[in-house]
Amino acid sequence: MKAYFDIHPEAYKVMLDGINNLMLTERCAPPDDLAFIKDNLWLSDSAVIEHIYPLKGQWEVRLLFAHVYNPLQFLCRRIHAYACPRKAATHAGYMRRVAAKDQRGTLAVKIETLKLPPN
Amino acid sequence: MPTTKQRILESAMHLFNQYGVANVRLQQIADETGISVGNLAYHFKNKEAIVTGVYDVLFEAFSEILSSYLQAPNLADLDAQLSQYYQFFAQHRFYLTDLFEMERHYPQVFEKWRGLVSRMLLQIGRRLDYYVKRGVLKPEPSPGIYDALANNLWMIITFWIPQQMLKGGSIDEQVFKDAIWMQLNPYLTARGHDELAAISTPSNML
């Protein structure tokens, strides 16, 4: 008779529990887990504006992402801080060019799109 | 192309199913395979070697079924495993009809069966636990209910074919599966019912 792999019942119980847990942990995520990707699609149509701001003795570079069709929808993110204002300005320019969809800067926020009332 | 050894085992299995292990002689196995008894003796020195060889094949097939545990999280996984169990027990009916004969004459084989069967029972119990955690089965109404349910499911899976033979009922895979799902049905949650409806189920349960 062939020799078979055998396992103690207690060990088998533990193994089955492990498989059960594996099936519970490695299941598909709910669809809304990835909703932030869909929600951030507007960022692809945004103008990127660099903003250098003095804070606590340093020059902080912030990038402002503003939707070109609806500028009231915008997002501001702190990127980095530099001790030298010229260095901050240079790097901010690079960062803007990397972050912007169009490197030439044709996507821009126009005052008309804000639809401000004349009065 | 199957080897002579495999052909002998297949013939033996066929004859065991038809006449029972005790009633089959080497001559019959040789005739069924289409070889001489001398040739048969070359491959298997005696009947015990053939019986052991047949059971080796059975153990392998049974282990294969056990290893298909939770390949998918839903109830369709149990349904698929039930199909495998049905095929197994339908093809190897002598396993049950000669069960106690085996205990007497081949205790080693019987012991091995006992190990596999207890593993099967454990697996059913753990599967119920898993379905409770997943929310397709209601939480256990009172302690011990699901242990008893697992035991009932095991009994149905294992002895469904012999009891149908005894009653003269039809031996059909769908009827077999229905018998199992009927047991589980009262304990299923709304989500469980939805999952059950998604797999092939009898019309009266939908």
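In this predicted model, A:Glu10 is partly exposed, with a relative accessible area of 46%. Its side chain meets that of A:Lys13 in a salt bridge, at 3.3 Å from N to O. A:Lys13 is likewise partly exposed, at 26% relative accessible area. The two residues are three places apart in helix H1 (residues 9-25) of chain A, and are therefore separated by about one helical turn.

This bridge belongs to a set of eleven over all chains. A second one in chain A joins the side chains of A:Arg96 and A:Glu50, with 3.1 Å from N to O. Here the pair links distant parts of the chain, since A:Arg96 lies in helix H3 (residues 85-99) and A:Glu50 in strand S1, 46 residues apart. A:Arg96 has a relative accessible area of 21% and is partly exposed; A:Glu50, at 30%, is partly exposed too.

In chain B, the side chains of B:Asp77 and B:Arg127 form a salt bridge of 2.9 Å, N to O. B:Asp77 is in helix H5 and B:Arg127 in helix H8, so this bridge ties together parts that are 50 residues apart in sequence. Both partners are buried: B:Asp77 counts as such at 6% relative accessibility, and B:Arg127 has a relative accessible area of 3%.

Attention now turns to the interface. Contacts between the chains involve 16 residues of chain A and 20 residues of chain B. The area buried between the two is about 1,800 Å², and carbon and sulfur atoms give 62% of it. One salt bridge is counted between chain A and chain B: the side chains of B:Arg126 and A:Asp17 meet at 2.8 Å, N to O. These two residues are linked with B:Asp129 in a network of salt bridges. The chains also meet through a charge and a ring, as the charged end of B:Arg119 sits over the ring of A:Tyr12, 5.4 Å from its centre. A:Tyr12 is also touched by B:Gln123, a residue of helix H8 of chain B. Beyond four places in sequence, the other residues that B:Gln123 touches are A:Leu16, B:Leu66, B:Tyr69, B:Gln81 and B:Tyr85. At 1% relative accessibility, B:Gln123 counts as buried.

The nonpolar interior comes next. The largest nonpolar core has 71 residues, and those with the most contacts inside it include B:Tyr55, B:Leu58, B:Phe62 and B:Ile157, along with B:Val54, B:Phe89 and B:Trp113. Helix H8 (residues 107-134) of chain B gives the most to this core, namely eleven residues. B:Val54 shows what such contacts look like: leaving aside neighbours within four places in sequence, B:Val54 is in contact with B:Leu9, B:Ala12, B:Met13, B:Phe16 and B:Phe94. Apart from this core lies another, of nine residues, with A:Val48, A:Tyr82, A:Ala88 and A:Ala100 among them.

Aromatic residues are a further theme. A pair of rings is described by the distance of the centres and the angle of the planes. The count over all chains is 16 aromatic pairs. B:Phe59 and B:Trp113 form an edge-to-face pair, with 5.1 Å centre to centre and 75° between the planes. The pair spans 54 residues, from B:Phe59 in helix H4 (residues 47-66) to B:Trp113 in helix H8 of chain B, and links distant parts of the chain. Both B:Phe59 and B:Trp113 are buried. The rings of B:Tyr85 and B:Phe89, in contrast, have their planes at 20° and their centres 6.5 Å apart, so this pair is stacked. B:Tyr85 and B:Phe89 are four residues apart in helix H5 (residues 75-91) of chain B, about one turn of the helix. Each of them is buried, B:Tyr85 at 2% relative accessibility and B:Phe89 with a relative accessible area of 2%. These four residues join B:Tyr55, B:Phe62 and B:Phe88 in one aromatic cluster. In chain A, a ring is paired with a charge: the charged end of A:Arg62 sits over the ring of A:Tyr53, 4.5 Å from its centre.

Two backbone details complete the picture. A:Lys56 has a positive phi, near 50°, in a residue other than glycine. A:Lys56 lies in the loop between strand S1 (46-55) and strand S2 (58-67) of chain A, and counts as exposed at 81% relative accessibility. B:Leu70 also has a positive phi near 50°. B:Leu70 is placed in the loop between H4 and H5 of chain B, where it is buried, with a relative accessible area of 5%.

Notes. Residues are numbered from 1 along each chain as its sequence is written. Chains are lettered from A and ligands numbered from 1 in the order in which they are written. This is a predicted model: local features need pLDDT of at least 70, side-chain atom pairs count only at pLDDT 80 or more; totals for chains, interfaces and linings use all residues. Side-chain values use heavy atoms; hydrogens and water are left out. A nonpolar core is a set of buried Ala, Val, Leu, Ile, Met, Phe, Trp, Tyr and Cys residues joined through side-chain atoms within 4.5 Å. Buried means under 20% relative accessible area, exposed over 50%, partly exposed in between (1.4 Å probe, protein chains only). Contact means heavy atoms within 4.5 Å. Rings of Phe, Tyr and Trp (its six-membered ring) pair if their centres lie within 6.5 Å; planes under 30 degrees apart count as stacked, over 60 as edge-to-face and the rest as tilted. A charge sits over a ring if NZ of Lys or CZ of Arg is within 6 Å of the ring centre and within 35 degrees of the ring normal. Buried area is the accessible area (1.4 Å probe) that two parts lose on being put together, summed over both. A salt bridge is a side-chain nitrogen of Lys or Arg within 4 Å of a carboxyl oxygen of Asp or Glu.
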